[in-house]
Amino acid sequence: MEWSEDLIRVLNRIGDELGRIRKIIERKEGGSKGEESVEERERKDDGERSESGSKTEERSINGEELWKEVKRGEERRLGEEADEMEKTRRLREKVKRMEEEREEKEKKRRNVIWRGLDGRDAEERRGFMERVTEKVMGRMLRIRRVWERKGIEGKEVVLVEMGDEKERAELLEKYWEFRQRWGIVVDEDLTIKERWMKRRILEKARVERERGRRVMTDNRRIWVEGKEIFWNEEEGKWEER
């Protein structure tokens, strides 16, 4: 009986000890799981931070590319605006030159230039001009005013503003008669641009005649072998019309 009671007590102590050991083991196991959970959480946090950093870096790269594209677009826009401003400036200059040419031409449309008139002074030269005009034309033409200027060779050139454009045209038609009979040149009062073109035409005529070709000219046009040619300003060359 006593033996049985002692055995029971021993078994109870063993059971209590086993229970205590089991609790210790459970606590340790629970602690390990908690530690693993923390590690996993840290890895997860690291992953989230890495992903967040990647997204931030990606947004930074995208933002930089966007800025570059915006900058390129702005440069293109500014370039286009500069081109447009340059075109506008050139157009205004062209219009201005055309307007100045028109005004100059309008002032000269009644004028006639006389070269080679004899006379010691302006009064004698005017008197000579009026006499030869009356002989060639058969009458005295209407004149508004007469003045002089120095020509290219330093000789006096007489300018006459005619009173009637039709009479001016009739006078210019007698160009060859004035030249052949009196050695006098009667010509239009050309604008600066027209004088420049006339010099170019005369130079072209000289070159073509040296080549043995038949050439005819006036102040603004030239014909080579019966075909009219013109100076193409944009291309910088002569072309057939």
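**Strand pairing and an enclosed cavity**

Q: Which residue of β8 stands opposite Asn232?
A: Asn232 has Lys237 opposite it in β8. The model is predicted, with pLDDT of at least 70 needed for local features and 80 or more for side-chain atom pairs, whereas totals for chains, interfaces and linings use all residues. Residues are numbered from 1 along each chain as its sequence is written, and side-chain values use heavy atoms, without hydrogens and water.

Q: What makes β7 and β8 a pair of strands?
A: Two strands pair if DSSP finds at least two bridges between them. Four bridges join β7 to β8, so the criterion is met. These two strands run antiparallel and form a hairpin with four residues between them. In the turn, Gly236 has a positive phi of about 70°.

Q: How do you know that β6 and β7 pair?
A: Strand β6 (residues 222–224) and strand β7 (residues 227–232) share three bridges in the antiparallel sense, and therefore satisfy the rule for pairing. Trp223 has Glu228 in β7 as its bridge partner. Each strand is a DSSP run of E of at least two residues, and a helix is a run of H or I of at least four, numbered from the N terminus.

Q: Why are β5 and β8 called edge strands?
A: The open sheet has four strands in the order β5-β6-β7-β8, with antiparallel pairing. Both β5 (215–217) and β8 (237–240) pair on one side only. The twist from one strand to the next averages 35°.

Q: What is the direction of helix α5 relative to β5?
A: Helix α5 (residues 192–210) lies across β5, β6, β7 and β8 and runs at about 170° to β5. Angles run from 0 to 180 degrees between N-to-C directions, with axes fitted to C-alpha atoms, for helices over the stretch in contact (heavy atoms within 4.5 Å).

Q: Why is the space lined by Trp114 and Met129 called a cavity?
A: A cavity is a set of points on a 1 Å grid over the protein atoms alone where a 1.4 Å probe fits but cannot get out, and lining residues have an atom within 4 Å of a point. One cavity of 30 Å³ or more is counted. The largest cavity holds about 30 Å³ of space and is lined by Trp114, Met129, Thr133, Leu141, Ile143, Val160, Met162 and Leu171. Elements α2 (122–137) and β3 (156–162) each give two or more residues to this lining.

Notes:
On a 1 Å grid over the protein atoms alone, a cavity is a set of points where a 1.4 Å probe fits but cannot get out, and a pocket is an open set with protein on both sides within 12 Å along at least five of seven lines; lining residues have an atom within 4 Å of a point. Grid points are joined across faces, edges and corners, and a volume is the space filled by probe spheres set on the points.
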